[in-house]
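Hi there,

Here is the structure I promised to pass on. Have a look at it first, and my notes follow below.

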Amino acid sequence: MLLLHRTVVPGLRQAYRLKSAPSRLCIWACSTNDSFQPQRSSHAFSGDNSSTRGWRVMGTLLGLGAVLAYHDHWCRAAQESPRIYTREEVRSHSSPETGIWVTLGSEVFDVTEFVDLHPGGPSKLMLAAGGPLEPFWALYAVHNQSHVREILAQYKIGELSPDDKAASILKTSDPYADDPIRHPALKVNSQRPFNAEPPPELLTENYITPNPIFFTRNHLPVPNLDPDTYRLHVVGPPGGQSLCLSLDDLYQFPKHEITVTLQCAGNRRSEMTRFKEVRGLEWSAGAISTARWAGARLCDVLSQAGHHLSETEAHVCFEGLDSDPTGTAYGASIPLARAMDPEAERRDYKGFSPSVDWDTVDFDSAPSIQELPVQSAITQPKDGETIESGEVTVKGYAWSGGGRAVVRVDVSLDGGLTWQVAELDGEEQRARKAWAWRLWQLQAPVPAGKKELNIVCKAVDDSYNVQPDTVAPIWNLRGVLSNAWHHVHVHVAP
Ligand code: HEM
């Protein structure tokens with residue numbers, strides 16, 4: 001679906017980050033409120049440009065030991081008697097060739113070695129190269145955490161000269177001032193950008209999640225849309241036409257309706273964090289919601305722009321209206337073959353082996369996640385709750401990626417020793433074309449004499465994929481694809 005009627009945002013507000021631009025031919029689809037700026041700096045700052053690659057190889061050859069020694073040397077030196085730099089000197093360190101320096105307050109940091117390790121991607125960090133971090137960190141408030149400051153502190157090389165200190169305190173207007181007012185029931189994981197999930201007790205009350213508590217995943221301030229001036233730009237194939245469509249133009253396409261569940265790749269990340277630290281927002285089991293979506297199909301719009309399935313290597317690149325201070329829009333991509341499939345859906349992000357850490361990760365080595373694995377979670381009772389003896393009602397959701405239908409949910413009251421099959425609710429699903437979740441529930445007697453229950457659920461999809469029993473074998477440094485058996489511990493009232 002290209003045009004989403006659920007909320008006011010026909011752009012990519014809830015899109016996942018594209019870590020590195022695909023090297024294949026890209027078709028661009030982006031939304032603007034005014035003039036068209038195709039292929040903006042998201043290309044120019046691609047983490048895959050050749051100079052970055054060359055520099056990365058060189059860094060590897062130098063050897064980690066040498067890098068660390070150099071690094072330690074500078075850190076010690078910086079602490080003992082900080083070197084003084086002018087802002088001009090900092091500015092001249094803004095490329096891999098010169099080294100990459102940034103400032104925070106009056107402190108100067110050489111982050112050359114960190115650029116490729118940056119969880120937000122090298123291209124984002126490069127936006128601040130040679131200058132202050134404040135304007136960018138005001139936007140990406142994920143940096144207001146002690147572990148981020150600790151990482152930065154390792155790279156300190158000195159202080160700004162007294163004359164330049166004052167100038168470094170940049171006045172930044174609040175980019176989030178116009179964000180909408182949110183529902184108070186939402187459990188907020190970060191205020192700026194706003195990321196929040198519905199509480200478990202509300203999540204599965206309705207098959208269609210009420211709009212005000214639909215989970216919210218933002219990377220930037222919410223763009224302000226003017227429906228009259230809104231335009232969707234679609235770049236055509238080489239030699240073909242490009243489209244510039246108003247909302248009214250989009251309404252002229254055949255309207256399709258579909259019930260779809262949207263899940264963040266980081267849903268249930270907090271369970272991975274409990275096993276071993278990961279970087280990312282601490283989502284519980286609520287980074288998932290379901291809506292009835294309606295609008296023009298992406299494949300119809302791309303066809304009108306002259307795209308055909310024959311462009312086998314092509315990707316469709318989306319740019320949202322949400323952009324950072326430099327105008328760099330948030331983006332994501334999917335293969336054209338998927339976009340042209342009238343039944344297809346969209347996903348992104350990457351997963352790695354549990355053995356891969358931030359020192360060894362190679363983001364080019366893994367494909368982006370397009371389909372998420374089978375998933376289920378318990379929403380009632382709540383973890384730590386005290387339930388009545390007699391009977392317990394267990395409720396939850398189950399869902400699988402790639403259009404796979406949920407065929408069964410198993411529930412255990414004793415940590416996985418014995419199982420009972422839950423009753424599935426919600427719309428019937430077509431095999432391999434099931435885009436929405438199933439809600440489920442089980443009513444079962446509380447085993448006599450039990451003071452505590454370790455309630456577990458696991459779902460099975462129509463490819464007979466099952467959820468892994470523990471987090472350890474699927475742990476990954478970014479905390480995505482967290483779909484181990486979901487546990488809820490409850491006390492039984494005497
Ligand atoms: C040397 C300076 C920087 C350091 C040390 C740094 C460090 C980090 C760390 C540790 C994270 C992961 C945080 C977490 O998820 O808990 C992160 C994420 C991120 N950073 Fe940075 N960062 C720097 C500069 C920047 C700049 C200049 C930008 C933007 C222009 C930026 C944009 C982002 C984004 C978009 C994310 C991902 C947030 C998400 O997952 O939604 N960073 N950074």
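A polar contact here is a pair of N or O atoms within 3.5 Å. With that in mind, and remembering that this is a predicted model, let me begin with the ligand. A polar side-chain atom of Arg478 comes to 2.9 Å from one of the ligand's oxygen atoms, so the pair falls inside that cut-off. Gly280 takes part through its backbone instead: an N or O atom there lies 3.0 Å from a ligand oxygen. On the nitrogen side, a ligand nitrogen atom is 2.8 Å from an N or O atom in the side chain of His118.

Which elements give two or more residues to the shell around the ligand? They are helix H5 (122-126), helix H6 (134-139) and helix H7 (146-153). H7 gives the most, with four residues. In total, 26 residues surround the ligand, and the closest are His118, His143, Arg217, Gly280 and Arg478. By character, the shell divides into 14 nonpolar, seven polar and five charged residues. Both domain 1 (84-167) and domain 2 (187-340) give residues to the shell, so the ligand lies between them.

Next, a residue you may like to click on: Gln375, which lies in strand E16 (residues 375-380). Is Gln375 buried or exposed? Its relative accessibility is 3%, and because buried means under 20%, Gln375 counts as buried. Its side chain reaches the backbone oxygen of Ser482 at 3.2 Å. Setting aside neighbours within four places in sequence, Gln375 is in contact with Gln263, Asn267, Arg268, Tyr397, Ala398, Trp399, Ala459, Gln467, Ser482 and Asn483. Ser482 therefore appears twice in my notes on Gln375, once for its backbone oxygen and once in the list of contacts.

Finally, there is an open sheet of five strands, in the order E17-E24-E23-E19-E20 and with mixed pairing. Strand E17 (386-387) and strand E20 (420-421) stand at its edges; each has a single partner strand, so one side of each is left without a neighbour in the sheet. How do E17 and strand E24 (residues 486-492) pair, in the parallel or the antiparallel sense? They pair in the parallel sense, over two bridges. If you want a spot to start from in the viewer, Thr386 stands opposite His491 in E24.

Do write back if anything is unclear.

Best wishes

Terms used
Residues numbered from 1 in each chain as written. Predicted model: local features only at pLDDT ≥ 70, side-chain atom pairs only at ≥ 80, totals over all residues. Heavy atoms only, no water. Near = heavy atom within 4 Å. Polar contact = N/O pair within 3.5 Å; in protein donor to acceptor, adjacent residues only side chain to side chain. Nonpolar A, V, L, I, M, F, W, Y, C, P; charged D, E, K, R; others polar. Domains from an automatic or database assignment. Buried < 20%, exposed > 50% of the residue type's maximum accessible area, 1.4 Å probe, protein only. Contact = heavy atoms within 4.5 Å. Pairing = 2+ DSSP bridges.
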